[in-house]
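Trainee: Please pick a single part of this model and take me through it closely, residue by residue where that is possible. Then place it beside the other features that can be described with the same terms.

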Amino acid sequence: MTDRKERIEIGWNFNNSYAQLPKSFFSSLNPTPVGSPKLVALNRPLAASLGLKLEALERDDGVDVFAGNQIPEGALPLAQAYAGHQFSHFTMLGDGRALLLGEHITPKGHRVDIQLKGSGKTPYSRGGDGRASLGPMLREYIISEAMHGLGIPTTRSLAVVTTGEFIIRETEETGAILTRVADSHIRVGTFQYVSNWGTVEELKTLADYTLKRHFPNCGYDENKYLSLLKEVVKGQAALIAKWQLVGFVHGVMNTDNMTISGETIDYGPCAFMDTYDPTTVFSSIDLHGRYAYGNQPKIAAWNLARFAESLLSLFHDNQEEAVKLAQDEISYFAELYKHNWFAGMRLKLGMFNEEPQDKLLFEGLLNMMQKHSADYTNTFRALTLGKCEGMALFDTTEFAHWYEQWQGRLGRQKESSESSQRLMRDNNPALIPRNHRVEESLEAAVKRGDYSVMEKLISVLLCPYAYTPEQSEYSMLPPPSSKPYRTFCGT
Ligand code: AMP
Ligand code: MG
């Protein structure tokens, strides 16, 4: 155990509320120690914002915490129980290879979960080894930080350690543990678990806890549980619109991978779309495209309907009334999502106000992008820079016609074209984590122990709206490949 002197030095400040919930919600256990941990990635700005001391984190006792070899004072490690619909099939899950160390209170008084991923078996491991391999943990680190840079709510990555042990996947791989930070890890699946296997009292306890933790203003609403649903619908409508606007494909939108806090979670087979195509799928197991780019809003609504179902008994004593109340909230998702997406598209195209024909302009652009296999990010980047060249799309007469209409539209608003351009810069990333860049940095790290490529990539990804000259090489597309990019989950 770390003594009090060291706790003060590192700055951990645990206060564990989840551990006070009914015992069936989790299993208390410590991480399984590892042979010889080594810190390979540390998120310094994040550590600083958490009030943690960098020098102390980099010392052996700091690293031992990230490795699960030492439990910091005040932590109460536990694996959370949850269920989930995986590719629409309902099943019992839980943290099979993760442990919540505890909730840390930041210097600003913000409560965050500190979670180890890859820290050993738990009662929910279902035959898995409880471990994670280095490549996927670094991948989560890169993509989650990129999402943060893009201004999209997400869990953050604080550190990655290698364990000094090999794990068996298709081949022997280097074991690693990721330390993840989140507003909370309460999922739609957490509610599904308690609703299915717990009592109504326990469900109320979970809902009350979640309201207090995430939506304290709703705690006194007449139907506070319906307010909970409303808030989660609102958060997800905002989140998914942000994903769509940057071309992010989550890849495994199972209900256990949807948070109540509205943060993006579980970066498994996710990737960013290059060429605009709503059917884009990266995940090797998503054979029917259930989680394709264009399906994400629909799937979010489906998941939210499962969330509403889990809460039904709390909405109203009369089942029919409860269903009606839930349906009203769920049907509101589509409207909210559209509202957010339209608002985001206006910003991407430099529009300060609304015109009824905007929808046609947006659709017109996307249809052309699809038809001419245009890169999604770079099309908006070119429009932002006012340099529409070097892409087949820009040489077509239909684009010339669209461009004229767009310019006419911008001309009718009172703001100057400079203001429009600034607005576009602030809303169109100059770069995204291109798959070949991510792979290149993972290869350098995993195969050669060279973390500099990844560090450089993360540094540019953290300010995607800066449009600095050094970023331009990161906006380049990969060399054409005959094989589609594929990603894998749970590794
Ligand atoms: P994910 O695809 O990461 O959302 O994981 C789905 C479920 O599988 C969760 O319950 C995970 O904890 C569990 N899981 C994934 N990989 C492993 C592993 N190597 N060992 C044990 N459980 C795992
Ligand atoms: Mg998951």
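Mentor: A residue counts as exposed when its relative accessible area is over 50%, as buried when that area is under 20%, and as partly exposed in between. The model is predicted, and what follows should be read with that in mind.

The part I choose is helix 4, which covers residues 60–67. Asp60 belongs to this helix. With a relative accessible area of 65%, Asp60 is exposed because that value is over the 50% cut-off. In space, Asp60 has its C-alpha 8.8 Å from the C-alpha of Lys38, although 22 residues separate Asp60 and Lys38 in sequence.

The rest of helix 4 gives another picture. Asp61, Gly62 and Val63 are buried, and so are Val65, Phe66 and Ala67. Six of the eight residues in helix 4 are therefore buried, which means that the helix is largely enclosed by the rest of the structure. Just after helix 4 comes Gly68, whose phi is positive, at about 80°.

Positive phi values also turn up at two residues other than glycine. Phe87 sits in the loop between strand 4 (83–86) and strand 5 (89–92), and its phi is near 45°. Ser88 is in the loop between strand 4 and strand 5 too, with a phi near 80°. Phe87 has a relative accessibility of 22%, so it counts as partly exposed. Ser88, at 32%, is likewise partly exposed.

For a buried residue in another helix, take Thr210 in helix 7 (residues 200–214). Its relative accessible area is 0%, so Thr210 is buried. Beyond the neighbours within four places in sequence, the contacts of Thr210 are with Ile186, Phe191, Phe215, Leu228 and Ile260.

Now the chain as a whole. It is divided into domain 1 (2–184) and domain 2 (189–346). The contact between them involves 37 residues of domain 1 and 41 residues of domain 2. From the C-alpha centre of domain 1 to that of domain 2 is 24 Å.

Ligand 1 has residues of both domains around it: domain 1 and domain 2 each supply at least three residues to its shell. There are 18 residues around ligand 1, and those that come nearest are Gly94, Gly96, Asp129, Gly130 and Asp266. Sorted by class, the shell has eight charged, eight polar and two nonpolar residues.

Three atom pairs describe the polar side of this site. An oxygen atom of ligand 1 lies 2.7 Å from a backbone N or O atom of Gly96. A nitrogen atom of ligand 1 is 3.0 Å from a polar side-chain atom of Asp129. In the side chain of Asn257, an N or O atom is 3.1 Å from an oxygen atom of ligand 1. On its own, ligand 1 exposes 480 Å², of which the protein buries 86%.

Terms used:
Residues are numbered from 1 along each chain as its sequence is written. Chains are lettered from A and ligands numbered from 1 in the order in which they are written. This is a predicted model: local features need pLDDT of at least 70, side-chain atom pairs count only at pLDDT 80 or more; totals for chains, interfaces and linings use all residues. Side-chain values use heavy atoms; hydrogens and water are left out. A residue is near a molecule or strand if one of its heavy atoms lies within 4 Å of it. A polar contact is a pair of N or O atoms within 3.5 Å; within protein, one must be able to donate a hydrogen and the other to accept it, and residues adjacent in sequence count only if both atoms are side-chain atoms. Accessible areas come from the Shrake-Rupley method with a 1.4 Å probe; for residues, only the protein chains shown count as cover. Ala, Val, Leu, Ile, Met, Phe, Trp, Tyr, Cys and Pro count as nonpolar, Asp, Glu, Lys and Arg as charged, and the others, Gly among them, as polar. Domain bounds come from an automatic or database domain assignment. Buried means under 20% relative accessible area, exposed over 50%, partly exposed in between (1.4 Å probe, protein chains only). Helices (H or I, at least four residues) and strands (E, at least two) are DSSP runs, numbered from the N terminus. Contact means heavy atoms within 4.5 Å.
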